[in-house]
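User: I should like to understand how the terms used for a protein model are justified. Could the reasoning be set out step by step?

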Amino acid sequence: MRLIQEKREKMVKILITGGTGFLGYHLAVELSKDKNNKIFLASKTLHYEDDGELAKLLSSPNITLIEGDLTNKLSWKKVGSDYDFVYHLVSIKGFKNFNEIPHEVLRVGILSTLNVIDWFKFKNGKPQAKILYTSSNEVYNGGVIAYGKITNPTPENIPCVIPDTYDPRWSYAGQKLIGELLFIHYSKAYNFRMSIVRPVNIYGPRAGYDGMIPKIIKQVVEHADHFTILGPEDKRTFCFVEDVVDALIKVTKSQKTDGQTYNIGDDHLTSVREITELIFNVAGWHPEKVIFENSPREAVRNSVPDISKIEKDTGWKPATSLQKGIEKTVDWYLRHS
Amino acid sequence: MSKILITGGTGFVGYHLAKKLAEGKNEIVLVDNFFRSELDEDMKQLLERPNVKLIQADLGNRDAWDSFESGYDYVYHLAGINGTRLFYEIPFEVLSVGITITFYAIKWFRTTNNNPNAKILYTSSNEAYAGALEAFGQLPLPTPEDVPLVISDPYNPRWSYAGQKLIGELLFIHGSKAHNFRMSIVRPHNFYGPREGYEHVIPEIIERIKKRVDPFPIYGADDTRSFCYIDDAVEAIIAVMESEKTDGGTYHIGTTEETKIKHLIEHLFKIMKWEPSKLDIKNSPKGSVKRRLPHVLKIKEHTGWEAKITLEEGLKKMIEWYETNPRKKRKNG
């Protein structure tokens with residue numbers, strides 16, 4: 001009896017909304033390594049066709065999948081209560097989706113956030129629990145485009161901007177922006193623990209096929225005759241997903257971070273041309289001809305997140321070199337093509 | 001005859017809008033929960049008209065929407081928690097109520113209302129773009145509709161109202177495109193007039209003049225606003241709603257006449273025939289913008305509307321109302 005009690009005390013119950021997506025999957029993998037963690041992934045559908053790895057994750061004894069539409073209040077009954085940590089990751093990602101189904105990007109982001117907050121405060125029933133909200137650098141990217149101004153490196157306390165209400169591209173930014181306001185003002189009013197993070201340019205295995213790096217790798221895999229690179233001189237930072245996962249966990253576990261917003265990202269700029277060449281080298285294939293095209297949309301160039309706040313408060317900083325991260329990423333995509 | 005629904009129908013704009021629409025051959029339903037407004041004499045009088053009906057309901061409750069019937073031609077979605085004091089005191093409610101009822105309004109409008117030719121009008125606010133000045137030190141004046149919307153600091157509760165209006169605009173724009181329904185967005189700029197409550201700049205000044213406060217405090221004497229009388233404002237809202245040219249568009253409503261707060265107060269001294277012996281010039285209220293001046297060419301071009309009532313005329317009518325309706329103890333402040 002006593003043994004069982006001690007075991008219970010050590011058990012940490014964790015909820016990840018959007019737990020089968022890119023970031024959710026990697027977070028769950030990392031958290032599942034600790035056998036004291038009991039992890040629940042809440043997700044509407046499996047975001048990707050099962051690549052075998054998700055099935056492997058779901059077969060872990062400390063992982064449970066809760067299928068449900070998180071925009072529907074009724075689904076939250078299935079989630080239950082008594083969680084110690086909640087990672088609220090769910091949202092519709094990808095520029096293609098922002099432009100094609102902005103109303104859904106808005107609806108899913110906002111309603112799942114209203115629901116998770118309501119559930120966390122009134123149904124979870126654990127006053128010491130903490131919830132983490134993943135926002136995005138998209139909330140402030142609009143400032144660069146609208147005003148041509150960039151504070152580099154970019155700290156957390158800068159304005160959030162929607163440059164054009166009619167441009168569907170900003171649907172994602174809009175719902176993240178309002179999510180931040182909801183978390184900030186609700187946590188103050190109802191006195192619960194939360195932190196907000198804004199990850200910048202995450203890459204890694206199992207990131208879908210819509211992002212820049214997966215698109216380049218796809219062309220490598222297909223040995224594309226006309227290899228196209230968009231905006232070769234645009235510079236970006238790249239942060240490996242395992243480092244981001246580490247940051248999410250550190251921010252969530254810390255008390256110092258309560259009620260605060262943190263940038264998560266790498267602070268080194270790499271040009272699209274450089275990253276493409278690195279991928280060629282790692283994959284061991286070079287196209288005969290490379291076509292350089294201008295970036296199709298207004299891209300946010302040369303923006304670097306200021307990561308001194310998270311380093312100061314949690315000790316986190318990115319640990320994976322670009323070479324190492326690209327190796328792991330290319331390897332995964334080559335094995336899954 | 002048009003069947004019309006007004007959410008937030010007993011508030012400042014809602015009341016005047018309903019009164020104007022009731023003059024025509026319209027059937028009008030007002031919905032409100034009396035969170036800030038009340039069933040006062042004016043409202044009772046309006047409700048005596050055979051074509052005006054009130055439903056007391058909480059729009060944040062999904063089930064309430066089922067009681068509104070269907071087949072409305074025009075829906076004016078005005079409901080929201082307004083008032084700067086409340087932005088600071090209950091930012092979460094300002095956000096959650098604004099967002100939730102806008103979701104419900106859109107869903108109800110495109111499904112239950114079941115009238116494909118119907119149109120819905122959303123009242124946003126100049127607050128949605130006002131943050132640009134604080135954040136970037138720049139805002140074109142007069143300000144056109146297509147400026148960026150800015151939340152200069154998510155932690156400042158002052159921007160709770162702006163946040164929910166900003167997201168309301170996105171929900172209407174992208175929802176109407178995806179689901180193919182008719183809508184317009186308007187952004188009011190400093191509407192004033194009778195029955196606007198007791199917590200706005202002009203009613204507060206009127207109260208102070210009536211109390212003969214001396215020395216007389218002036219907050220932000222050189223700040224400017226462009227005041228738009230409520231009768232003009234209501235005409236603009238109806239003009240945007242009833243036009244087809246405005247479908248899908250966003251419109252600023254206001255006047256191009258910029259008035260310094262100290263000149264506004266001088267006007268009021270003159271009309272109320274009193275002057276203090278001394279002025280006490282103070283800083284602007286916290287979070288207040290220095291100048292606010294909308295570009296109103298777009299609404300004029302598309303609907304022909306422009307403001308007609310002079311500040312002097314409007315203030316006279318307003319003072320008359322406040323003389324006979326002094327502030328009394330109210331349930332919400």
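The dialogue below sets values against their definitions.

Analyst: This is a predicted model, in which local features need pLDDT of at least 70 and side-chain atom pairs count only at pLDDT 80 or more, whereas totals for chains, interfaces and linings use all residues. Residues are numbered from 1 along each chain as its sequence is written, and chains are lettered from A and ligands numbered from 1 in the order in which they are written.

User: What makes chain A as compact as a globular protein of its length?

Analyst: Chain A has 13 helices and 14 strands; helices (H or I, at least four residues) and strands (E, at least two) are DSSP runs, numbered from the N terminus. The radius of gyration is taken over C-alpha atoms, and the globule rule is 2.2 Å times the number of residues to the power 0.38. For the 337 residues of chain A the rule gives 20 Å, and the radius of gyration is 20 Å, close to that value, so chain A is as compact as a globular protein of that length. Along its principal axes, the C-alpha trace of chain A spans about 70 × 45 × 40 Å.

User: Which strands form the open sheet of chain A, and why is one side of S3 and of S12 left without a neighbour?

Analyst: Two strands pair if DSSP finds at least two bridges between them. In chain A, seven strands form an open sheet in the order S3-S2-S1-S4-S5-S7-S12, with parallel pairing. Strand S3 (63-67) and S12 of chain A stand at the edges with a single partner strand each, so one side of each has no neighbour in the sheet.

User: How do you know that S7 of chain A pairs with S5 and with S12?

Analyst: The definition asks for at least two bridges. Five bridges join strand S5 (residues 130-134) of chain A to S7(A), in parallel, and four join S7(A) to strand S12 (residues 261-264) of chain A, also in parallel. Both pairs therefore satisfy the definition. On the S5(A) side, A:Leu132 has A:Ser195 as its bridge partner in S7(A), and A:Tyr133 has A:Ile196. Towards S12(A), A:Pro199 stands opposite A:Ile264.

User: Why is S7 of chain A called mostly covered?

Analyst: A residue is buried if 20 or more other C-beta atoms lie within 10 Å of its own, exposed if 12 or fewer, and partly exposed in between, with C-beta atoms placed from the backbone. Six of the seven residues of strand S7 (residues 193-199) of chain A are buried, and the strand is therefore called mostly covered. Of the 337 residues of chain A, 48% count as buried.

User: Which helices lie across S7 of chain A?

Analyst: Helix H8 (residues 171-190) of chain A lies across S5 and S7 of chain A. Helix H10 (residues 241-253) of chain A lies across strand S4 (85-88), S5, S7 and S12 of chain A.

User: How many residues does each chain bring to the contact between chains A and B?

Analyst: Two residues are in contact if their C-beta atoms, placed from the backbone, lie within 7 Å. The contact takes 31 residues from chain B and 30 residues from chain A. On the side of chain B that touches chain A, H6(B) gives the most, with eleven residues.

User: How do you know that S6 of chain A pairs with S6 of chain B?

Analyst: Three bridges join strand S6 (residues 160-162) of chain A to S6(B), and the two run antiparallel. The threshold of at least two bridges is therefore met. A:Cys160 stands opposite B:Ile151 in S6(B).

Methods. Axes are lines fitted to C-alpha atoms, for helices over the stretch in contact, and angles run from 0 to 180 degrees between N-to-C directions.
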